[in-house]
Every structure is written in C-alpha cells, then in structure tokens.
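Work through the following exercises with the sequence and the structure side by side, and try each task before reading its solution.

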Amino acid sequence: MRSPYTVLGVNTTAKAEDIKSAYRQLAKIWHPDQNPDDPQAGNRFAEIAHAYKLLIDPETRLRFDHGHIDAMGRRQARPARGFSANPFKTFKENMGKAPSAQASGASQSADAMDEAKFEDMVVHIFGDAAAKKTKEQAAPDRDHTGQRTKTDAPGMDEDPLTTLDNLFKKWKSRHKPKTVLPATHHQAEITLETALAGHEDEIVFGEGETVSYTIPPGTVDGSEIVVSSPNPQIYGDAIVTVRHQKHPRLRSSGSDIHGDHPVELAEAVLGGSFVYDGLDGPLRIEIPEWSGSDTVLQIKGKGLPTTFGRRGMLHVHLRVMLPEKPDPHLMDLMRSSKKAWYL
C-alpha cells in the first residue's frame with residue numbers, strides 16, 4: 001500500500017488542518033456516490049479514508065513516521081529489510097573474518113578473491129538473484145586458461161563502489177516516478193432539475209479528443225468531478241466544478257432545496273393548505289394554525305438524492321402577506337383588538 005502522505009498528497013510535515021482539508025477534498029471527489037460508473041472509486045475512497053485515519057491520530061502517525069508500523073497500520077518486523085541498518089559495515093566485518101587462501105587449501109589469485117568478495121557484497125545487499133545474474137554475465141568472459149578477460153560484466157573490471165553506484169543508477173532509472181501533467185480546470189452549470197436526474201456531458205482535450213463523463217444524480221453545488229486524461233503523456237486530467245444555475249423559485253443548500261410561499265393573514269392564523277410545485281411535481285402542503293413569517297415547513301424526501309437511495313428535504317418558508325388593498329373589516333378588527341389590549 002502507498003504511503004498515507006502520498007495518498008492524501010500532503011507533505012510529511014503537514015499539520016492536522018492540512019490533512020483534514022486534503023481528506024475532505026479527495027473524499028468529495030472519490031466518493032462512490034459521485035462515481036457510480038467507476039469500479040475503482042470504492043477502493044480509492046477506502047484508501048483515502050484509511051490514510052486519513054492513520055495520519056490524523058498523532059500517536060499512530062508518530063509510530064508510522066518512526067517505522068514501527070507500515071502504511072496498513074501493521075506492526076513492522078525488525079530489521080525491516082532482512083539486514084542490519086548499515087549493510088556495508090556488516091559486510092566489512094564479515095570480510096575481516098573470511099578464511100585465507102592457505103587455510104582453505106585453494107590457490108586463488110587476488111583478482112579471484114576480489115570477485116568473490118564483490119559477489120558476497122551483492123548477495124548481502126541485493127540478494128541471491130542479483131549475484132546469480134552478475135555471475136552468469138561474467139562466466140563467458142574467461143579465456144581457455146580460466147582467467148577472466150576484460151569484460152563489461154558488472155563488478156568484474158570496475159571498483160566495487162563504482163559498480164554499486166551504477167547499480168543504483170539503473171535502479172533509479174527503472175523506478176523513476178512518472179511525470180504527472182497538471183490538471184486543467186473547467187466549470188459545468190446545470191439546472192436543479194438536472195441535478196435531480198443526473199446528466200451526461202463531454203470534455204474536449206487538446207484539439208479534438210473528446211471524453212464523456214457523468215454528473216451523477218444529486219450532485220451538489222461546488223462538487224468536483226475528475227475526468228481522466230485520454231493520453232496522460234500529452235494531457236493532464238480535467239477537473240470539472242459543477243455549479244447550480246439560478247432557479248426562478250428554488251435554491252439549493254447541499255442536498256436540501258429551499259423555496260418561499262406567500263400566505264394570507266387568515267391562513268396564517270387559522271391554518272389551511274396549498275399546492276406547491278417542487279422539483280419533481282406538485283404536492284399539497286398543510287399550514288399549521290398560527291404560522292408566522294418565520295415558519296419553515298419541512299417535507300422529507302423532496303430534495304436532491306443522497307447516499308443509499310435517500311433524498312434531502314424541501315424547506316418551504318412561509319411569508320405572511322397583507323391584502324393588496326386595505327380591508328376595512330380587518331382594520332376594524334385590529335382596532336377593536338387594540339382597544340381590548342389597553343382595557
């Protein structure tokens with residue numbers, strides 16, 4: 001598993017608020033509900049959540065930074081790579097204890113001894129497979145007397161430290177991280193009806209490469225959708241910010257929908273009902289008795305889609321209205337009531 005710092009895209013010195021901010025942004029992008037057609041979205045979201053859980057806890061983060069646990073949170077074995085912290089020191093000590101040519105009864109030349117030492121060093125640092133490959137490459141480069149001739153086999157003609165430098169250079173070239181091109185930013189404006197139903201749209205990369213993407217049902221205002229590049233070597237990914245267009249009657253707040261409705265004074269005092277035109281059709285709403293202009297009627301399941309097949313709420317804000325023209329009877333009623341209050 002990748003380092004949690006890499007997963008969240010933060011530095012190893014990042015503060016807790018930076019980690020929280022990075023997590024919120026990535027979780028919003030990779031949440032499975034935002035990517036119903038991407039089978040990898042669930043795994044990516046789980047990886048982001050796990051990285052956040054590991055780094056947001058100071059104690060767990062410290063254990064990871066010190067190498068006591070790995071990126072999965074599992075306890076690390078010691079030593080981590082099967083050899084001591086300084087392999088060169090251990091190898092040097094072991095070489096000091098190596099038997100001499102006389103003790104072994106073999107007549108080895110100094111050159112052959114150097115070759116054997118270097119092979120042991122390769123085994124010690126890189127493992128048996130690397131040593132075997134080096135030996136196989138060197139085997140054909142011997143003359144009929146068994147003496148090694150000039151060859152390009154690693155470690156045979158060069159100083160051991162020079163050869164090690166070359167090995168590390170090759171390893172770095174093979175494991176060099178791929179260059180990630182910067183993402184381009186776009187904006188898509190949709191109606192509230194489109195946010196309810198979902199939408200298919202397209203992004204044009206470069207001079208004509210078109211990629212389709214989905215705006216899922218329930219996409220809230222400000223959501224970001226990442227559209228993968230059709231050719232990462234030439235174009236970076238596209239990040240689309242979704243915005244809700246202004247609606248003549250309604251406004252969104254997350255997954256909830258808000259709207260206003262005027263009511264006459266008599267309805268506000270005595271109660272009643274009215275037909276309200278919501279996102280997915282008209283519905284009848286009851287007005288409780290004695291409802292003022294600060295009354296908000298909440299209707300469940302009439303907002304935008306959310307997780308697990310649910311929907312947000314519709315909030316209808318009542319606005320008590322006086323008649324367009326002065327009503328003498330209403331004015332007499334208010335006057336009589338005012339006299340009663342003073343009596």
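## Overall composition

In this predicted model, buried residues account for 29% of the 343 residues in the protein.

**Exercise 1.** Determine how many helices and strands the protein has, and what share of the exposed area carbon and sulfur atoms supply.

*Solution.* Begin with the secondary structure, which comes to twelve helices and eleven strands. Then turn to the surface: the protein exposes about 23,000 Å², and carbon and sulfur atoms supply 53% of it.

**Exercise 2.** Work out the strand order of the open sheet that contains β1, β4 and β5, and explain why one side of β1 and of β4 is left without a neighbour in the sheet.

*Solution.* First, trace the three strands, which form an open sheet with mixed pairing in the order β1-β5-β4. Next, count partners: β1 (184-190) and β4 (224-227) each have a single partner strand and stand at the edges, so one side of each lacks a neighbour in the sheet. From one strand to the next, the twist averages 30°. Finally, examine the pairing of β1 with β5 (residues 238-244), which is parallel and runs over seven bridges; here glutamine 187 stands opposite threonine 241 in β5.

**Exercise 3.** Locate threonine 219 and decide whether this residue counts as buried or exposed.

*Solution.* Start from the chain, where threonine 219 lies in the loop between β3 (209-215) and β4. Its relative accessibility is 0%, and because buried means under 20%, threonine 219 counts as buried. Then inspect the surroundings: the side chain of threonine 219 reaches the backbone oxygen of proline 216 at 2.6 Å, and, leaving aside neighbours within four places in sequence, threonine 219 is in contact with Gln34, Ala195, Val242, His244 and Leu304.

Note on methods: Residues numbered from 1 in each chain as written. Predicted model: local features only at pLDDT ≥ 70, side-chain atom pairs only at ≥ 80, totals over all residues. Heavy atoms only, no water. Pairing = 2+ DSSP bridges. Helix = DSSP H or I, 4+ residues; strand = E, 2+ residues; numbered from the N terminus. Axes fitted to C-alpha atoms, helices over the stretch in contact; angles between N-to-C directions. Buried < 20%, exposed > 50% of the residue type's maximum accessible area, 1.4 Å probe, protein only. Polar contact = N/O pair within 3.5 Å; in protein donor to acceptor, adjacent residues only side chain to side chain. Contact = heavy atoms within 4.5 Å. Areas by Shrake-Rupley, 256 points an atom, 1.4 Å probe, with all protein chains shown as cover.
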